[in-house]
Amino acid sequence: MASHRRPKQPSRTRVTVLTTAAAAAVALSANAANAAPSEKLSKDEVKAKVDKLYEQAEQATEKYNGAKEKQQKLQKEIATIQDNVARGQEELNKLRDGLGSLATAQYRSGGIDASVQLFLSSDPDDYLDKASTLDQLSNQQVDALKKIQDKQRELAQERAEATEKLKDLSATRTELGNKKKEVQGKLAEAQKLLNTLTAKEKAQLAEKEQRANRSSTERVDLGDDAPPASGRAQAAFSAAQTRIGSPYVYGATGPSSFDCSGLTSWAYAQAGVSIPRTSEAQSQIGTRITSVNDLKVGDLVFFFNDLHHVGLYAGNGQILHAPRTGTVVRYESMSTIGGPFMWGVRV
């Protein structure tokens with residue numbers, strides 16, 4: 001006999017779960033259908049993105065250079081203070097020994113009175129505050145105590161200064177590490193993009209860059225619009241010319257590889273002139289030249305709003321510089337730098 005029992009209905013919870021899952025599946029299918037397939041970037045698009053990343057890496061490089069320069073300066077200052085503290089401590093020990101000799105002499109001549117016991121205490125400041133006891137001391141003893149006081153204050157100040165500089169050094173080291181990671185991250189991202197190209201496309205880009213390097217390492221015609229630079233500017237430019245063909249390496253200051261400000265600071269050092277390490281700092285020295293027409297060979301020239309790129313003016317609208325990762329020290333037209341000319345500096 002056929003059963004007339006009603007078929008078991010799914011629970012409300014089960015219905016809800018199934019309905020939700022079905023809706024999600026429909027939505028995913030719709031999204032998949034509507035989503036545009038990822039397109040492979042063309043060789044020129046990759047090149048444009050890589051160049052932008054190299055520019056960002058150069059920006060970070062100049063910040064890295066600034067932090068590194070500050071670190072080196074702090075290390076020298078701390079070493080000097082620590083040497084001063086060590087010498088001051090020796091001097092303080094001698095002053096205390098001399099005070100002890102005075103006490104010994106007094107003891108041999110008739111015993112140590114209460115006043116002498118006070119100035120042999122570990123806190124001469126406390127002793128000198130007790131003005132009533134000063135009358136019991138000889139002028140020699142008072143002078144010795146005051147010298148000890150002065151030396152103790154001096155050492156305390158120097159130790160406090162060293163402590164603050166050590167804190168600053170720690171923060172600078174952290175900044176240096178962060179900037180280094182930022183540079184390396186940009187370069188790694190650029191390399192990842194380059195790796196999406198075929199072997200043929202990579203070879204084509206490499207050949208194009210090599211042609212640019214070769215054609216730009218030949219001496220340019222300075223033309224009539226470039227008055228000869230005098231003295232040390234000419235010497236710096238001549239030094240930079242000897243480095244043509246040297247590779248760009250971030251943070252490098254020569255003599256075999258350079259970044260942009262590394263080249264300019266090295267070149268002027270060969271001419272006997274010390275200039276700051278970073279492009280931003282270099283832009284603030286010497287006489288500012290706002291017109292390209294007024295530039296002379298050997299003047300520093302700065303580009304981009306944040307002044308993160310610098311080169312040496314070579315005449316005829318050209319500069320001699322270390323452009324970016326993947327290039328070498330070479331001549332280049334100011335119109336192809338990729339950022340606006342801001343101003344020049346005559347050192």
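Reader: Which residue forms a salt bridge with Glu164?
Author: This is a predicted model: local features need pLDDT (the predictor's confidence in each residue, from 0 to 100) of at least 70, side-chain atom pairs count only at pLDDT 80 or more, and totals for chains, interfaces and linings use all residues. Residues are numbered from 1 along each chain as its sequence is written, and side-chain values use heavy atoms, leaving out hydrogens and water. A salt bridge puts a side-chain nitrogen of Lys or Arg within 4 Å of a carboxyl oxygen of Asp or Glu. For Glu164, with closest N and O atoms 3.6 Å apart, the partner is Lys167.

Reader: How many residues apart are Glu164 and Lys167 in helix α5?
Author: Helices (H or I, at least four residues) and strands (E, at least two) are DSSP runs, numbered from the N terminus. Glu164 and Lys167 are separated by about one helical turn, because their spacing in α5 is 3 residues.

Reader: Is Lys167 buried or exposed?
Author: Buried means under 20% relative accessible area, exposed over 50%, and partly exposed in between (1.4 Å probe, protein chains only). Glu164 has 49%, so it is partly exposed. Lys167 has 54%, so it counts as exposed.

Reader: Which helices hold Lys151 and Glu91?
Author: The two residues form a salt bridge, the closest N and O atoms being 3.1 Å apart. The pair ties together parts 60 residues apart in sequence, because Lys151 and Glu91 lie, in that order, in helices α5 and α2.

Reader: What is the relative accessible area of Lys151?
Author: Its partner Glu91 is partly exposed, at 41%. Lys151 is buried, because its relative accessible area is 7%.

Reader: How many salt bridges does a search of the whole structure find?
Author: One of them joins the side chains of Lys52 and Glu55 in α2 (3.9 Å, N to O). Lys47, Asp51 and Arg324 are linked in a network of salt bridges. Over the whole structure, the search finds 14.

Reader: What separates the C-alpha atoms of Tyr64 and Lys179?
Author: Tyr64 lies in helix α2 and is buried, at 9% relative accessible area. Leaving aside neighbours within four places in sequence, Tyr64 has contacts (heavy atoms within 4.5 Å) with Leu176, Lys179, Lys180, Tyr250 and Gly251. Tyr64 and Lys179 are 115 residues apart along the chain, yet their C-alpha atoms are separated by 5.2 Å.

Reader: Which residues have the most contacts inside the largest nonpolar core?
Author: A nonpolar core is a set of buried Ala, Val, Leu, Ile, Met, Phe, Trp, Tyr and Cys residues joined through side-chain atoms within 4.5 Å. The largest has 34 residues, and those with the most contacts inside it are Phe237, Tyr268, Leu300, Phe302 and Leu312.

Reader: Which elements each supply at least two residues of this core?
Author: Four are helices: α2 (43-110), α5 (139-194), α7 (231-241) and α8 (260-270). The others are β2 (300-303), β3 (309-315) and β6 (341-346).

Reader: Which residues does Ser257 touch, not counting those up to four places away in sequence?
Author: Ser257 sits in the loop between α7 and α8. At 16% relative accessible area, Ser257 is buried. The residues it touches are Pro247, Val249 and Ala252.

Reader: Over which residues, with 1 contact beyond near neighbours in sequence, is the pLDDT below 50?
Author: The protein averages a pLDDT of 80, and 71% of the residues score at least 70. Where pLDDT is low, the predicted coordinates should not be read in detail. Residues 131-135 are below 50 but have 5 such contacts. The stretch with 1 contact is residues 1-38.
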